[in-house]
Amino acid sequence: MRSILVHVYNDPGIEARLQVALDMARSYDAHLTFLQVVQQPIVLPGDYTGTITAQMMPVVQEQADELRQVIEARLADEDVRWDWVQEAGMADDMLMSHAALNDLVLVGCLAPQGSETQPSRLAGTLAIEGRSPVMVAPKDAKGFDPTKPALVAWNGSREASHALREALPMLKHSTSVFLATVTDENDRKRSALPPVDGAAYLSRHGISCEIVELPCLGRHPAEVLLEAADSRDAGYIVLGAYGHARLFEMVFGGVTRRMLKNPPIPLVLAH
C-alpha cells in the first residue's frame, strides 16, 4: 500500500477521510494522491441554452479551490508525502483513470452531492470496474489503526478470494485476522472454496488466522458480520463486493449494499 488515492469532495465525511488517509500513509509509508474532481453543474430544466449552467460553473470552481486551499494548508504541517490533482469531469471516470496506478482507493460512504443517508455508488462502481481495492471510510471515523484485528468475510467465492489477495498488505499489519463465514442450511450444500483454503493461502504469506463460523439464524448476513466485527474490536472488514448481479443486490438488498449504508468501521472491497 505505497500509493493511496483519496477522493476529495466537500461532504460531511471529508474530515474522516483525511484522518484515515494520514494514518494509513504513516503506517504503510505510503504516498497520498488527493484527487479532486470538479463536476459541471447539472443542467436545470428550462435552461435550454445552458446560460444558467455556464454562470454556475465559476462558482463551483471557486468552491473547489477554497476547499483545496483549506486542506493543502493542513497537509503542509503533516509528515507525509502527498500531491494534489484537480480534474474536470465525472468522478467515476477520473477515479477509475487514476486508480490504475494506485494500490488503494479511499472514498467516502456518502454519495457526492447526495443526501447524508444515501450510500455512495462510487464504491461499488470502483470495486467492480476498477483493478485496485477500495476502502470506504465511515463519515465519523476519527482515524485508522492498522494494527487492530481484521475481519475477512469469506464465502468461498471468486470475489472473496480476490478481496483476500488484495488485502494482504493490510492484513500483515493486523494483530489478528478472523476468516468469518456466515452460514445457514443452504450454504452448507454449496460447492465453494472452504475456509481452510483461505487460511492456507494466508499462512503461505506468513499470516495466521482464526476461522470463525457465524450462524445466520434468520438475520441478514451483513448484520451478522457487523456484529462479529464489533465483538472482536475489528478495525476494518474485508469484503468481496457484489457476489450477485449488482442490479439484483440493488433491488433485493444484498450484503454489499447493506454494508455500504453507513458502515461503522472501514470496509475494504474488491470484486
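The legends below describe close-up views of a predicted model.

**View 1. The largest nonpolar core of the predicted model and the part that helix α1 plays in its make-up.** This core has 46 residues, and the members that touch the most others are M24, L32, M135, M170 and L171. Helix α1, which spans residues 14-28, supplies nine residues, the largest share of this core. Apart from this core lies another, of 40 residues, among them A91, C109, V212 and A241.

**View 2. The surroundings of M170.** Once its neighbours within four places in sequence are left aside, M170 is in contact with M1, M24, Y28, M135, F144, Y236 and V268. Two of these partners, M24 and M135, are listed with M170 among the residues that touch the most other members of the largest nonpolar core.

**View 3. Y28 in helix α1 and its contacts.** Y28 belongs to helix α1, and because its relative accessibility is 6%, below the 20% limit, Y28 counts as buried. With neighbours within four places in sequence again left aside, Y28 is in contact with M1, R2, F144, P146, M170 and H173. One of these partners, R2, is 26 residues from Y28 in sequence, while the C-alpha atoms of Y28 and R2 are 6.6 Å apart in space.

**View 4. Cysteines C209 and C216.** C209 has a relative accessible area of 24% and is therefore partly exposed, whereas C216, with a relative accessible area of 8%, is buried. The count of disulfides in the model comes to zero, judged by whether a pair of cysteine sulfur atoms lies within 2.5 Å.

Key: Residues are numbered from 1 along each chain as its sequence is written. This is a predicted model: local features need pLDDT of at least 70, side-chain atom pairs count only at pLDDT 80 or more; totals for chains, interfaces and linings use all residues. Side-chain values use heavy atoms; hydrogens and water are left out. A nonpolar core is a set of buried Ala, Val, Leu, Ile, Met, Phe, Trp, Tyr and Cys residues joined through side-chain atoms within 4.5 Å. Buried means under 20% relative accessible area, exposed over 50%, partly exposed in between (1.4 Å probe, protein chains only). Helices (H or I, at least four residues) and strands (E, at least two) are DSSP runs, numbered from the N terminus. Contact means heavy atoms within 4.5 Å.
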